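Biologist: Please take a close look at the largest pocket of this model, and tell me which parts of the chain line that pocket.

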Amino acid sequence: MSEALVLGIESTCDETGVGIVRGCELLVDRTATSMDQYARYGGIIPEIASRAHLESFLPTLDSALEEAGVTLKEIDAIGVAAGPGLVGSLTVGICAAKALASALGKPLYGVNHIIGHLAVDKLADGPLPQRFVGLVVSGGHSNILLVEDIATDVKELGGTLDDAAGEAFDKVGRLLELPYPGGPHVDRLSQLGNVDAIRFPRGLASGKDKERHKYDFSFSGLKTAVARYIEGAQARGEEFSPEDVCAGFSEAVNDSLTSKAVRAALDTGCSSIVVGGGFSANSRLRSLLSARAEAAGIEVRMPPLRFCTDNGAQIAALTSELVRAGVAPSDWDFSPDSSMALTHPSVLPR
């Protein structure tokens, strides 16, 4: 029996994504982004993002179908990001998906966009491990998950208590007056700096916090430490190296992320770590996690850079896993869930 042909729709923030997947085979992944419109504001404007989704969806869908060489009638199931994300943006994608599913008579799945960041790895590296630790790192999430089955059994081991890794990078980018979004620029400068020049603190890494929050992260204090360093140097009239600041800051963030992910894998007896989310494109995260996992005898799977940002392929990939596992489609009246729990791969019927 052939695998289901699945259409995935992504509209959680500023990317309008459409992906078509059959099993582990990606037929097409098309994305339209409104990122360029936010540089002047220094951040996403939800109303602009929602309007951009409305304008981009049909052209993106038509382009994806044409490139894949399939028609809507051939689609077996439709998946759409139900959360987490911006409510207005999510609403556009959900309404479009409901209209398509209703018109075509196809099952509809409201899926968890964050878990989709892990599921997309199967399109690059083949079927997912039977059991693994998931490290989700993005602008809004830094979480460690225990995945027994990505369609039916996901447990949250820990997460950030304040800023997410990507969010912290963007904030440090603003402190250094780097272009928006600051994260990629901080990563680039960090590669030019001396990682040992400035040692910034690691949150929740000592005393009682080390055990009480062994899988949790905290980056707000780190961001404050960077701000104080910059302000102190400026107050004293001293020049400082932005490259060294970025290198020290990046090392602190990635030291926390990688050490706790490897510890979680060892503690749970998992032989694989799957990484996903926009911050998984970070160069130091990739190199440090690969080295630490190899030393511990753990396999690391990280998606190609093109799958790190939000995309329709990740939604289609997770939806295909739901179909594979025989998970029931969502009820038609499900709504956007901006804070959808990471233990819910999809919106289950009542």
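Modeller: What follows describes the largest pocket and its lining. This is a predicted model, in which local features need pLDDT of at least 70 and side-chain atom pairs count only at pLDDT 80 or more, while totals for chains, interfaces and linings use all residues. Residues are numbered from 1 along each chain as its sequence is written, and side-chain values use heavy atoms, with hydrogens and water left out. The largest pocket holds about 1,100 Å³ of space, where a pocket is an open set of points on a 1 Å grid over the protein atoms alone at which a 1.4 Å probe fits, with protein on both sides within 12 Å along at least five of seven lines, and where the volume is the space filled by probe spheres set on points joined across faces, edges and corners. Its lining (residues with an atom within 4 Å of a point) comprises 38 residues, of which Met-35, Ser-138, Gly-139, Gly-140 and Asp-170 are the closest to the centre. Two or more lining residues come from each of helix H3 (113-119), helix H5 (165-175) and helix H6 (182-190), helices being DSSP runs of H or I with at least four residues, numbered from the N terminus. H5 gives the most, with 6 residues. By class, the lining has 14 nonpolar, 16 polar and 8 charged residues; Ala, Val, Leu, Ile, Met, Phe, Trp, Tyr, Cys and Pro count as nonpolar, Asp, Glu, Lys and Arg as charged, and the others, Gly among them, as polar. Domain 1 (5-125 + 307-325) and domain 2 (132-302) each contribute at least three residues to this lining, with bounds that come from an automatic or database domain assignment.
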